[in-house]
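Here is a friendly walk through one protein model, from its surface to its cores. Please keep the structure open as you read.

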Amino acid sequence: MKDTQLLQVQAYDYLIDLIKKGELEFGKIYSLNKMAQKAGVSRTPFRDAVLCLEQERYLDVFPSKGFALHNMTREDIIETYQIRNAIEVYCLKQLTLNLNTSRGQEYFLKLSQKIANQQEIIQTTYSNEDFGRKDYEFHRSIVQYTANESMLEIYRRFMYRIFWLNVTSFSKEGRMADTITEHMTFLEMMQTGDLHGLETLTEHHLTVAQDINLQLLEQHPTQPMI
């Protein structure tokens, strides 16, 4: 049983790596058996990994045919931002309430550093992808503060989706600069203990990104988002 679970993790990591590198084509159905062979694992753990990725909406399974990349839908986008809002508001409030503790100060400094990293990217490469990666790290740090493994696991399951939606939203002119302003305001509100302001700003921050992605989906319905 343990060996099977390890092989499933191996297959899962193999597929995620292919997705991240863009080595799977949208619209193409892949054979379960052939891909299992390429991954170097047997069919059963590979199938279980595919089913897991189907649940996380990275892949779509076609019985007796194989699997294909899942293209982001309107529902996927809305769901992602709803989950982020629910988790991040709670975690921000907890961090703010405990800001004067050593752990609170440690994470406040982490958030400050992520903002500095984003400012550097704007001044140098201006890369959507680099900026999006630091943005994910900023928000993940907020969730990590609580040390709630169940909550963090939910957030991790959405990691790749969150990251690429970030990257897409930063394609809009001015969104990177606005994000830095909003991130700095988060820190100011944490220092003043403005819990209501944090909740309102989080909803605004995520709604803007959601709306950018929804607009792009409507403008290019056949173009894959991730």
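The protein chain exposes about 11900 Å², an accessible area from the Shrake-Rupley method with a 1.4 Å probe, where for residues only the protein chains shown count as cover. Carbon and sulfur atoms supply 50% of that exposed area. This is a predicted model, in which local features need pLDDT of at least 70 and side-chain atom pairs count only at pLDDT 80 or more, while totals for chains, interfaces and linings use all residues. Residues are numbered from 1 along each chain as its sequence is written, and side-chain values use heavy atoms, with hydrogens and water left out.

Now for the overall fold. The protein chain has 10 helices and two strands; helices (H or I, at least four residues) and strands (E, at least two) are DSSP runs, numbered from the N terminus. In order from the N terminus, the elements run α-α-α-β-β-α-α-α-α-α-α-α. The radius of gyration is 19 Å, close to the 17 Å that the globule rule gives for 226 residues, so the protein chain is as compact as a globular protein of that length. That radius is taken over C-alpha atoms, and the rule is 2.2 Å times the number of residues to the power 0.38.

Of the 226 residues, 44% are buried; buried means under 20% relative accessible area, exposed over 50% and partly exposed in between (1.4 Å probe, protein chains only). Two residues illustrate these classes:

| Residue | Element | Relative accessibility | Class |
|---|---|---|---|
| Lys114 | helix 5 (residues 102-123) | 18% | buried |
| Ser150 | helix 7 | 56% | exposed |

What does Lys114 touch, leaving aside its neighbours within four places in sequence? Lys114 is in contact (heavy atoms within 4.5 Å) with Lys134, Glu137, Phe138 and Ser141.

Next come the nonpolar cores, sets of buried Ala, Val, Leu, Ile, Met, Phe, Trp, Tyr and Cys residues joined through side-chain atoms within 4.5 Å. The largest has 30 residues, of which Leu111, Val143 and Met190 touch the most other members. Elements giving two or more residues to this core include helix 4 (74-97), helix 6 (128-145) and helix 9 (175-192). Beyond four places in sequence, Val143 is in contact with Ile87, Glu88, Cys91, Met151, Leu152 and Tyr155. A second, separate core of 24 residues includes Leu15, Tyr30, Phe46 and Val167.
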